[in-house]
Amino acid sequence: MRILFAIVDGGGNIPPQLAVARALRARGVEILVLGHRGVRERVEAAGLAFEPFTEGQHFDPTVQRSLAAIMTAFTRVAADRRLGHSVVQGARRHDVDAVVVDMILTAGIPEIVDSGIPTIVFVHCFYRAVQDLAASPVGWVLRLRGTDPLAPEHRGLLQVVSARADLDPMRGRPAVCHAGVVWQGVPKAAEQARVPRILVSLSTCAFAGQRRMLQNILDAIAPLPVEATVTVGPAIDAAGLRVPQNAAMHAWLDHDDVLATASLMVGHGGHSTAMRALSFGVPQIVMPANPMIDQKGVGAALQHAGAGILLRKHAGPKRIRAAIQAVLNDPDYREAAGRLGAQIRQRDGAEAAADAIGDFVSNTQRVES
């Protein structure tokens, strides 16, 4: 069996797709990844073969720009049928049995399906985020350009959702497959350090206002009896920030190393990062960096589950400090996160996704034969 993954360079969408690709490879499936050039390093580090898109819209999520500019760039990728053509060409060139396509390639998906290649759509966030995007200005633009933003649902495609169904506030009962949270590394129940340890992470993608957000968080942490580990990634220029003595700044750090002893994470609400922390049973404070995508919904879901607090993007230091103290001082937050974390650790969502994809391709092959 040979499967092609088509992946957009979008940040948090990459780890779950690569994890599922590795799970399939471990079962003897031959994997090829087609994607934007910025994905290459992570794909090859995972030991998978990579080829870049041969045509279509380029996208680099680390470029600093306004919210309007980044959503415009995102919409251009979603509306670009040429990326679908590139996937079809790659699939035919390598004679693959199926394509697993990133949900962001909205206009490209019908191009792949219409080519006759068996197609699975990978949803790397809550399905509610797909529904919300379809109802947003992005969805309006796609419709004006002749693309149905909910085409995979309306055409009955297999959509594998790497999220927990009980946290996903999706509308109605669309026929999607919730595989559960895909692990990053091997999570375990966090054992809190004697001095409360806080992980601060605001996305690998560049969103307007992140530097201000980070400074507000650092100012909130400064007078508290905690130790903060801050990862800034490629999106934030840390030069000139006021960094308190109880905070250590890192360009990059394996979050597992911090989460294993963390009491709290302060983050932006990216699904991949938030679920990674939850898999360790770590409660969270979510400050959505981009209100146009899924981050606010992730924060609201964690707050509804009792495992965190949702704040505004530009909440001030006093409000952030009060939220930190509330989570650290109220064991209910830790207990709620711990319950969800224990459930996530029962089975890696990558294995469930690999089951669904493998069964789909095998059944398709039987029908064709």
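Visitor: How many bridges are there in the pairing of E8 and strand E9?
Guide: Before counting, note that this is a predicted model, where local features need pLDDT of at least 70, side-chain atom pairs count only at pLDDT 80 or more, and totals for chains, interfaces and linings use all residues. Residues are numbered from 1 along each chain as its sequence is written, while side-chain values use heavy atoms, with hydrogens and water left out. Strands (E, at least two residues) and helices (H or I, at least four) are DSSP runs numbered from the N terminus, and two strands pair if DSSP finds at least two bridges between them. E8 and E9 (residues 227-231) pair in the parallel sense, and the number of bridges is five.

Visitor: And which residue in E11 is the bridge partner of serine 201?
Guide: E8 is also joined to strand E11 (residues 264-267), running parallel, by four bridges. In E11, serine 201 has as its partner glycine 267.

Visitor: How many of the five residues of E8 are buried?
Guide: Buried means under 20% relative accessible area, exposed means over 50%, and partly exposed lies in between (1.4 Å probe, protein chains only). Strand E8 (residues 197-201) is mostly covered, and its buried residues number four.

Visitor: What is the order of the seven strands in the open sheet?
Guide: The pairing in this sheet is parallel. Its edge strands, each pairing on one side only, are E3 (49-52) and E7 (177-178). Put together, the order reads E3-E2-E1-E4-E5-E6-E7.

Visitor: What angle does the direction of H1 make with that of E1?
Guide: H1 packs on the sheet, touching E1 (2-7), E2, E4 (98-102) and E5 (119-123). Contact means heavy atoms within 4.5 Å, and axes are lines fitted to C-alpha atoms, for helices over the stretch in contact, with angles from 0 to 180 degrees between N-to-C directions. For H1 and E1, that comes out at about 175°.

Visitor: Why is H1 largely enclosed by the rest of the structure?
Guide: Among its buried residues are Pro15, Leu18, Val20 and Leu24. H1 is largely enclosed because, of its 13 residues, the number buried is 10.

Visitor: Is glutamine 17 buried or exposed?
Guide: Glutamine 17 sits in helix H1, where its contacts beyond four places in sequence include Phe5, Ile7, Phe122 and His124. Its relative accessibility is 0%, so glutamine 17 counts as buried.

Visitor: With which side chain does the side chain of glutamine 17 make a polar contact?
Guide: A polar contact is a pair of N or O atoms within 3.5 Å; within protein, one must be able to donate a hydrogen and the other to accept it, and residues adjacent in sequence count only if both atoms are side-chain atoms. Here the distance is 2.9 Å, and the partner is aspartate 102.

Visitor: Which helix gives the most to the largest nonpolar core?
Guide: A nonpolar core is a set of buried Ala, Val, Leu, Ile, Met, Phe, Trp, Tyr and Cys residues joined through side-chain atoms within 4.5 Å. The largest has 58 residues, with Val99 and Leu278 having the most contacts inside it. Giving six residues, the top contributor is helix H3.

Visitor: Which residues does the second, separate core include?
Guide: This other core has 33 residues. Among them are Val20, Leu24, Val33 and Leu158.
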